[in-house]
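Reader: I am new to this structure and would like the terms explained as they come up. Where should we start?

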Amino acid sequence: MTDKIPQDRVLIFDTTLRDGEQSPGATMTHDEKLEIAAMLDDMGVDIIEAGFPIASEGDFAAVSQIAKNAVDSRICGLARANFADIDRCWEAIKHAGKNRIHTFIGTSPLHRAIPNLSMDEMANKIHDTVSHARNLCEDVQWSPMDATRTEWDYLCRVIEIAIKAGATTINIPDTVGYTAPEESANLIRRLIETVPGADEVIFATHCHNDLGMATANALAAVAGGARQIECTINGLGERAGNTALEEVVMAMKTRHDIMPWTTGIDTTKIMAISRRVSTVSGFLVQPNKAIVGKNAFAHESGIHQDGMLKNRENFEIMRPEDIGLAGTSLPLGKHSGRAALRDKLEHLGFELGDNQLKDVFVRFKDLADRKKEVMDDDLIALMRVSGGDEGDALKLVSMKVICGTGGQAEATVEMEIDGKDISATAFGDGPVDATFKAIRDLHPNEARLQLYQVHAVTEGMDAQATVSVRVEEDGNVATGQSADTDTVVASARAYINALNRLLVRRAKMGEGADTREISYRDLT
Ligand code: KIV
Ligand code: ZN
C-alpha cells in the first residue's frame, strides 16, 4: 500500500516513458528507456510509469528491466481493464522493490460507447479488474479515463467501487485537456468530500495540455486535495502533451508562499534530463518553453541586461543553478583538451563514461577545426546527435553536392551498407532532395518523410545546423538527428540515423514478437 505521506508532500508520478513515448514519433530505444528511467530515479521521481507491458515484447522487456534496475522509485506499468493486461503488467513490474499496477477504463459517455458496456456492466468490470490487480500487487492505481467529461454521479459511483476493490491511488485524468483550473480544483475537492473511503486513498491529477492549461490544472488539483501529479519531462505527450514535470516542480518551489507543497525532486537535475529526453525523443524544446527553453534564462534586451547587472532578481525569479544550468563560461576551441571538454560537459549536465568521451572528443575536434569558438550550445547539439553506432547497418562515408541557381542539384553519396562501400548519384529539387534521393537509391525503402526540421545552433556564418528527420513506414515511426556546420551533411546524417532506427524496429517486428499496434486507447 502507498506509504502515508505528510500532508504537504506531493508525489511526482512521471509518465514520460508511457504517455510521453506514446506520442507519435517520440519512440525511444530499449537502452534509451533504461537511461531515462535511471535519470528519473536519480532525480527523486516517486513513481515511474515505465510503459504498457502488453503493448509489445519491447515494452515488456523495457518495463521488466527498469523494474530490476530501480533504486528508489516505485515502478508502475499500465494495463487496460482486463485480466490479460493486468497479469502481463504484473509479470513486468514484479521485479521492482516497489511496484504499482495502473489500470484504467474510459468512463465518460463517449468512452463507454467504445467497448459498448452499460453503466452496470462497466461498474462490474471495474470491481473485478481492480480486485484482480490488488490480489497481485499491494499498490494499485485506478483511472476513470476522461474523468473530466464523466457524469458526476457515475464518477462517484465507480471511484467508490474501485476503492472498495482495493485501489490505493485514484487518478483523475483530464484525457483531452478539457478542464480549467477552478473546475479542476473543485472536482478533486468534491470527490474527496463525497466518495466514501476517499480519505483512505491518494488522489492524483493527470492533465493534458490541449488548451495550454495542464500545469495550472494540475496545481489547482493539488489545491483541491490531490497529492500526486502525473507529468512528463518537457511536457512530452500525445497532441499538445502532458503537464510538464519541470513546470509544476519549479512552480511549487518558486511560489512556495502560495503553493505550500513539497516534492522529492532534486531540481538541479532538471536541465540534464530535459536535454536527454529531447535528444532521444527527437522532440526539440521550443526556445521560449518555461524553465527548460533555451531563452528561459536569457536576458538579451539592453534594458533587461542593465537591470540584471544591478540585481538579477529584477528579471529572474529562479536561479539558473537551481535547474542545473551552469552560469555562462568561456567557449572551447581547437586547443582545448579532453579534460576541459569533460569538465564543460559536466557543467552542462552531461556525465560521460570514458568510451563516450572518446567518441565525443573526436567529433568535438572535428567541429573545432571548422569553427573558431565552440559554444555551450554547439556542445549540447553535439551531445544531442549520435555520431552513429558501431552496429549501424547504414553509414555515411562521403558526399559531394553540386547545386546552383536555375537547375537541378546533383548529389553523389557514398555509404557503407552492411560492410560494403557503394555510391550513387541522384538529381533533385535542391541539395537536400538530391541527397535523400541518392540515399534512397543506395538503400531502397518506402519510408515516408514526415518531418524535416533545421535549426541554427548558434549565430554567425560558421554556425552549426541541427537537423531533425522523422520517417514512417507501415506504422513504424523513427526519428533521427544530426548537427554539422554544413546543413546538407547534417541532413544526410539525420536521415540515415532515422533509417537505421527504422531497420532496428523492423528487425524486432520480424522476430514476430512486437505487437506495437496495440494502443492503450484500444479498449475492446
Ligand atoms: O490521458 C489519459 O487518460 C491517460 C490514462 C491512461 C490515465 O493517459
Ligand atoms: Zn494521458
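Author: Start with contact, which means heavy atoms within 4.5 Å. The model is predicted. In it, helix 16 (residues 431-442) lies across strand 9, strand 10 and strand 11. Its direction is at about 140° to strand 11.

Reader: What makes strand 9, strand 10 and strand 11 a sheet, and in which order do they lie?

Author: Two strands pair if there are at least two bridges between them. Strand 10 (residues 409-417) and strand 11 have nine bridges, in the antiparallel sense, so they pair by that cut-off. One of the residues involved is M415, whose bridge partner in strand 11 is I422. The three strands form an open sheet in the order 9-10-11, with antiparallel pairing. On average, neighbouring strands in this sheet are turned by 20° against each other, direction ignored.

Reader: Why are strand 9 and strand 11 called edge strands?

Author: Strand 9 (394-402) and strand 11 (420-428) each pair on one side only.

Reader: How do you know that C89 is in no disulfide?

Author: A disulfide needs two cysteine sulfur atoms within 2.5 Å. For C89 the nearest cysteine sulfur belongs to C76 and is 6.6 Å away, so the cut-off is not met. C137 is in no disulfide either: the sulfur of C89, its nearest, is 7.9 Å away. The search of the whole structure finds zero disulfides.

Reader: Why is C89 called buried?

Author: Buried means under 20% relative accessible area. C89 has 0%, so it is buried.

Reader: Is C137 buried or exposed?

Author: C137 has a relative accessible area of 2%, so it is buried.

Note on methods:
Residues numbered from 1 in each chain as written. Chains lettered and ligands numbered in written order. Predicted model: local features only at pLDDT ≥ 70, side-chain atom pairs only at ≥ 80, totals over all residues. Heavy atoms only, no water. Helix = DSSP H or I, 4+ residues; strand = E, 2+ residues; numbered from the N terminus. Axes fitted to C-alpha atoms, helices over the stretch in contact; angles between N-to-C directions. Buried < 20%, exposed > 50% of the residue type's maximum accessible area, 1.4 Å probe, protein only.
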